[in-house]
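Biologist: I should like to learn how to read a model of this kind. Could you take me through it step by step?

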Amino acid sequence: MSCVFTPALSSGTCSGSTMTDCARPERLIFHIDADAFFAAVEQASNPRLRNRPVVVCGIPLEHGVVTAASYEARKFGVKAGIPFFQARALLPHGVFLPVNIPKYLSYSLRLLAIYLQYTPLVEAYSVDEVFLDLTGAPDPPAVLGEKIRRQIFRETGLTVTAGAGPNKLVAKIATETVKPNGLCVIRACELPGRLAPLPVSICPGIGPKTAEVLQAAGITTLGQLAAVPLVKLRSVFGLWGEKLHQAARGINDEPVLPLDRRPPEKSMGHETSFPTPLTSARRLEGVIWILSSKTAFRLREKKMLATGIRVKTRLKVNEKKIETRTFQRQLPVAITSEVQLAPAARELFFTHWAGLPVKGLGVTATGLVSEEAARRQLSLFPEIYPGVNKLEPVLDRLRRKYGEDILVRAANLLAGE
Amino acid sequence: MMFEEIKEPVTVVAVFSRSKVAPRLFTWRQRNYSISRVTASWSDYEGEARRLFFSVVTDGANLYELCFHTRSLQWNLLRIYHD
């Protein structure tokens with residue numbers, strides 16, 4: 001493995017063997033991740049913020065949580081997820097800005113437009129991460145990666161880290177090895193050797209809990225994980241053990257899925273977190289109504305119905321521990337109204353909630369089916385809530401025209417009490 | 001660097017050309033500010049109405065955030081960033 005550093009743009013470029021080493025045609029997948037995206041957009045849109053420690057926080061700032069920190073801010077220990085007051089203490093001279101989602105989405109679309117100049121096979125993995133399928137591109141991967149990175153910097157002022165590999169998994173791992181502002185290419189013929197020395201935690205899907213279990217068994221690198229027999233991994237992790245077994249070897253055959261080829265959504269929902277944990281049942285009920293209303297509105301906009309519901313809670317178990325607990329159940333009929341969704345979510349939450357302070361709450365409609373597919377079922381249960389079908393189209397029209405917050409149900413107001 | 005929330009209506013001289021909007025000058029609290037550069041622009045929707053946002057640098061040192069509401073045709077100064 002050889003690493004070349006080109007300080008003009010990259011903080012690090014890492015390229016493996018040449019084309020002659022790997023003459024066999026292979027897939028070429030890029031994973032591209034915009035560095036410290038939200039903070040970088042703020043720096044790109046305000047020249048005076050460049051090279052300064054910028055911290056983007058939830059609104060209102062004083063009660064918010066850090067959403068993104070520039071690399072200049074990260075040097076002081078500021079990172080996503082910590083409360084504003086803690087970040088302020090670590091970085092009194094930092095620039096703290098409120099999160100501005102429309103601005104970030106606009107930059108995300110500009111990046112997308114650049115990627116589409118190279119291939120139509122672009123999968124938006126998140127607002128700041130994509131996979132590109134560049135199989136068959138005439139340029140060598142390292143040249144291509146650098147070309148894309150330079151164009152992005154020139155046209156948006158943002159730096160990105162790019163990883164290339166024979167599949168999505170290896171490409172993403174490659175990115176992780178050279179963050180920020182780097183480029184890394186791992187070819188198929190270099191597998192699994194290039195992965196072997198890397199820590200298991202670098203692998204997508206291996207979270208702190210799995211890493212902890214592996215570490216307890218003396219497994220800290222992907223090489224060590226690859227050496228564990230499949231039977232053993234299956235016995236500890238079940239089906240997930242098979243995925244681990246393949247991941248450690250860099251095996252993955254998932255296609256890059258552009259928006260128009262994505263399978264229909266199976267669930268949709270909303271969640272929120274509270275700077276000060278909530279213990280008031282009335283306020284929590286209000287929050288459930290707000291989340292359910294937003295979810296139900298989206299369901300109707302997409303002409304989908306839910307056949308199940310999931311409530312996610314983040315509970316403050318003690319001063320040091322926040323625990324995530326998720327509850328779900330099937331619904332007797334397919335639903336699309338907040339008047340049906342909110343009571344179901346409420347019942348699910350209050351059945352399981354033992355009064356612990358709630359740090360975060362989410363309501364998700366699951367088992368989605370299209371309106372058409374559910375029509376026959378719906379006709380079996382007509383007018384469960386009389387009036388719903390007359391009121392909601394009117395509410396939806398107003399929301400579409402003037403914005404989602406133009407009218408709220410009185411129950412939503414409980415959240416602010 | 002700090003920012004100050006303003007959210008006040010302003011009068012803006014802008015060029016509208018081929019679906020692009022380019023603010024050139026604005027008047028706020030009876031003072032004119034000449035825009036030397038638009039450093040960023042983005043948009044969102046409030047219901048059906050599109051809102052256009054602009055980060056602009058004036059001849060002075062500050063950066064201003066302007067918003068144009070395409071339904072009401074109203075310009076607002078949202079924020080000022082200053083040291």
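Modeller: The discussion below takes up one chain and then its contact with another. Please note that the model is predicted.

Biologist: Which secondary-structure elements does chain B have, and in what order do they run?

Modeller: One begins by listing the elements from the N terminus. In chain B the order is β-β-β-β-β-β-β, that is, seven strands and zero helices.

Biologist: How is the radius of gyration of chain B to be read?

Modeller: The value is set against a rule for globules. Chain B has a radius of gyration of 12 Å, and the globule rule gives 12 Å for 83 residues, so chain B is as compact as a globular protein of that length. Its C-alpha trace spans about 35 × 25 × 25 Å along the principal axes.

Biologist: What percentage of the residues in chain B is buried?

Modeller: Burial is judged by counting neighbours, with 20 or more other C-beta atoms within 10 Å as the cut-off. Of the 83 residues in chain B, 23% are buried. Among contacts in chain B with a separation of 6 or more, 31% join residues 24 or more positions apart.

Biologist: How many residues does each chain bring to the contact?

Modeller: One counts each side separately. Chain A gives 16 residues and chain B gives 14 residues. On the side of chain A that touches chain B, strand 6 (95-98), helix 4 (101-115) and helix 14 (388-402) each supply at least two residues. Helix 14 of chain A has the largest share, four residues. By character, this side of chain A comprises seven nonpolar, four polar and five charged residues.

Key
Residues are numbered from 1 along each chain as its sequence is written. Chains are lettered from A and ligands numbered from 1 in the order in which they are written. This is a predicted model: local features need pLDDT of at least 70, side-chain atom pairs count only at pLDDT 80 or more; totals for chains, interfaces and linings use all residues. The radius of gyration is taken over C-alpha atoms; the globule rule is 2.2 Å times the number of residues to the power 0.38. A residue is buried if 20 or more other C-beta atoms lie within 10 Å of its own, exposed if 12 or fewer, and partly exposed in between; C-beta atoms are placed from the backbone. Two residues are in contact if their C-beta atoms, placed from the backbone, lie within 7 Å. Ala, Val, Leu, Ile, Met, Phe, Trp, Tyr, Cys and Pro count as nonpolar, Asp, Glu, Lys and Arg as charged, and the others, Gly among them, as polar.
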